[in-house]
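Student: Could you take me through one part of this model up close? I'd like the surface patch first, then the strands around it.

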Amino acid sequence: SATQYEGGVKAQFFDGKLIANAAYFDLQKTQRFTDPNGQNILSTVPVRGKSNGVEFDMQGQIYRGLSMIGTYAYTHTKVLDDPTSPGNVGNRLPYVPEHQGSLWLKYDFNYGFLKGFTVGGGVFVASRRFGDAANSFSDGAYAQLDLMAAYRKKLGKTLLTAQLNLNNINNEKYYYLRSRRT
């Protein structure tokens, strides 16, 4: 079961070339997580938790041909009830970083022999995430750098796009933590 409240605002600047969104959320939820100490991988523990925070994003054209997308989220989480491990009450919920954000820049060439080409790059950052309700281990903070290049060409009435994405070019080690749901 879950109860969620959310509200936000949206604004446009510079004749709609820059758009910003801000939102506040408050969520209370009961989630079943795999018990990391259990012998049976299918055994689960119902944990009631709360998360609230703010999300912010901004996107738009900041110069002719140059656009950006930036995001930030602050998420405060707390274990409210853990029937099998009362000592977890007050800990952070697993799998959720307290801070995360990204910034992408993209440039579209609209002139000369480079017309149709696009290049871009971005970084995604996240603070550490705990792997269980006991907060006994975490993956650590990380930053991942991604690059892209694309070419667009109109063929008759069809727009053809070829794109190459290079993800995690800085070879950052991070872990994909997720809950097992029942």
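Tutor: Sure, patch first: Leu103, Val123, Val125, Leu145, Leu147, Leu164, Leu166 and Ile169 make up a nonpolar patch on the surface, with about 610 Å² of accessible area together. Accessible areas here are Shrake-Rupley values with a 1.4 Å probe, and for residues only the protein chains shown count as cover. Patch members need over 30% relative accessible area and no salt bridge, and nonpolar side chains (Val, Leu, Ile, Met, Phe, Trp, Tyr) are joined within 5 Å; a salt bridge is a side-chain nitrogen of Lys or Arg within 4 Å of a carboxyl oxygen of Asp or Glu.

Quick caveat: this is a predicted model, where local features need pLDDT of at least 70, side-chain atom pairs count only at pLDDT 80 or more, and totals for chains, interfaces and linings use all residues. Residues are numbered from 1 along each chain as its sequence is written, and side-chain values use heavy atoms, leaving out hydrogens and water.

E6, E7 (142–155) and E8 (158–166) each supply at least two patch residues; strands are DSSP runs of E, at least two residues, numbered from the N terminus. Val125 sits in E6 and is partly exposed at 36% relative accessible area, meaning between the buried limit (under 20%) and the exposed one (over 50%).

E6 (residues 117–126) runs antiparallel to E5, joined by nine bridges; pairing takes at least two DSSP bridges. Within that pair, Lys106 has Gly120 of E6 as its bridge partner. E5 (residues 99–108) also pairs with E4 (residues 66–81), again antiparallel, over nine bridges, and there Tyr74 partners His99 of E5.

Definitions and conventions: Helix = DSSP H or I, 4+ residues; strand = E, 2+ residues; numbered from the N terminus. Patch = residues over 30% accessible without salt bridge, like charges linked within 9 Å, V, L, I, M, F, W, Y side chains within 5 Å. Buried < 20%, exposed > 50% of the residue type's maximum accessible area, 1.4 Å probe, protein only.
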